[in-house]
Amino acid sequence: MKIAFIIGTRPEIIKMSPLIDEVDKRGIDYILIHTGQHYDHEMSQQFFLDLELSQPHYNIGVGSDSHGKQTAVMMEGIEKVLLSEKPDIVLVQGDTNAVLAGALVAAKLHIAVGHVEAGLRSYDKTMPEEINRMVADVCTNLFFVPTEETAINLLFEGISPTNIFITGNTVVDACYRNLKIAGKTSQIMPQLELDGDILLLTLHRAENVDDRERLENIVEALLKVEGLNIVFPVHPRTMKTLKEFGMFSQLEKAPHIKMIKPIGYLDFLILQSNSKLIMTDSGGIQEEAITLDIPCLTLRYNTERPETVHAGGNILVGSDTEKITETVSMILGDEGLYQRMKEAPNPYGDGTTSKQIVDAIQNAHDQGKLEIKP
Ligand code: UD1
Ligand code: UDP
């Protein structure tokens, strides 16, 4: 059996890494295709180093572009590789343009598609990620869903339960595996030289950072937050628009805000673990926050990770200035609430997701279920 892994961005490298390790450990043949959507050292290569992954067999080198052009170039590149490598299954992870391109190309070549983190829905079709997830799931044969709640989304779309595997999320595998290593090697806390509690912030979702009004409201809230050091590793997309909209210098001048470049995964795990609160619009960080028992505020009006909210570890605050500042004060002013948020049970499994997924793929292969027939 041969597996083709497709990755393109920071979170895909992190969340695919436990699966790549598991496949490698079992001696299964595989190829790793990087689309090159993320290309800066700190958005891509850093994670290969942190996670001790071998270099991709192919890099399509797509770089940044409009969605249409980027997806088209990825499709062309992925198609060439799949035609020559003839894998038995293509694995895509999450909801980026690589997932859309990889799943679509593989389905048309009659190669089985396994979607890791399938079935998530925000029910907000203005998000590019929602379109990517939905199209990918139309092309998917094996659906690896994190939770029962996610499985139900797919059942409502008419997917046969025999093709749905409730496995948890590989984000937990990656977290558990790397936290110990990070504890021994990361120097991020002394490097930051901060006294007092930390609010860790990340922000990169297109609907927040490309929209001047929403970004302005979030910036206003950050400037008003009191009693916390805000540490903000800035995503390149966000750096671009903060500068374009003239908001960068306000944040840079604020004594309680420390803007830094995106940091490596091991440093980021340590920084998350040492934070009082996490504020984010990231998908993966909502999952990591509940895994690491850190209360999370999500800068969105909806989430495709509702389990985190239902479990009590995550609150949606949108991009409303007052809602953001009032929620921070509410959580910090109520020790009982803070503890309850910390103790929210993790809905994403026990760190065995990658084993479960590889077991399911091996079974499907042995039963001839990876052969796509009319
Ligand atoms: C992409 C994914 C998003 C995911 C995020 C993870 C899609 C549609 N979006 O968003 O779902 O949450 O990755 O971080 O696939 N840039 C650089 N250097 C890089 C990469 C990007 O400077 O290495 C800048 C470029 O100006 C680029 C912008 O960031 O135009 C946005 O990058 P892009 O890959 O298009 O989308 P992300 O916002 O990173
Ligand atoms: N991350 C990191 N360094 C950073 C910011 C994030 O290593 O400076 C990791 C984080 O631990 C998580 C992933 O990147 O695993 C989340 O990626 P991102 O927020 O870019 O994408 P999303 O999950 O929203 O698709």
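**Getting to know ligand 1 and helix α4**

Mentor: Let's start with the shell around ligand 1 in this predicted model. By class, four of its residues are nonpolar, nine are polar and six are charged.

Trainee: What makes a residue part of that shell, and which are the closest?

Mentor: A residue belongs if one of its heavy atoms lies within 4 Å of the ligand. Here 19 residues surround ligand 1, with His38, Tyr39, Glu129, His204 and Arg237 the closest.

Trainee: Why is ligand 1 said to lie between domain 1 and domain 2?

Mentor: Domain 1 (2-169 + 350-366) and domain 2 (177-342) each give residues to the shell, so the ligand lies between them. Helix α11 (residues 236-244) supplies the largest share, three residues.

Trainee: What makes the pair between tyrosine 39 and ligand 1 a polar contact?

Mentor: The cut-off is 3.5 Å between N or O atoms. A backbone N or O atom of tyrosine 39 is 2.8 Å from an oxygen of ligand 1, so that pair counts. The side chain of histidine 235 has an N or O atom 3.1 Å from a ligand oxygen, and for arginine 205 the side-chain figure is 3.4 Å, so these two count as well. As for cover, the protein hides 88% of the 750 Å² of accessible area that ligand 1 has on its own.

Trainee: Over to helix α4 (residues 97-108). Why is α4 called mostly covered?

Mentor: Buried means under 20% relative accessible area, and nine of the 12 residues in α4 are buried. Among them are Asn97, Leu100 and Val105.

Methods. Residues numbered from 1 in each chain as written. Chains lettered and ligands numbered in written order. Predicted model: local features only at pLDDT ≥ 70, side-chain atom pairs only at ≥ 80, totals over all residues. Heavy atoms only, no water. Polar contact = N/O pair within 3.5 Å; in protein donor to acceptor, adjacent residues only side chain to side chain. Areas by Shrake-Rupley, 256 points an atom, 1.4 Å probe, with all protein chains shown as cover. Helix = DSSP H or I, 4+ residues; strand = E, 2+ residues; numbered from the N terminus. Nonpolar A, V, L, I, M, F, W, Y, C, P; charged D, E, K, R; others polar. Domains from an automatic or database assignment. Expected span 1.5 Å × (residues − 1). Buried < 20%, exposed > 50% of the residue type's maximum accessible area, 1.4 Å probe, protein only.
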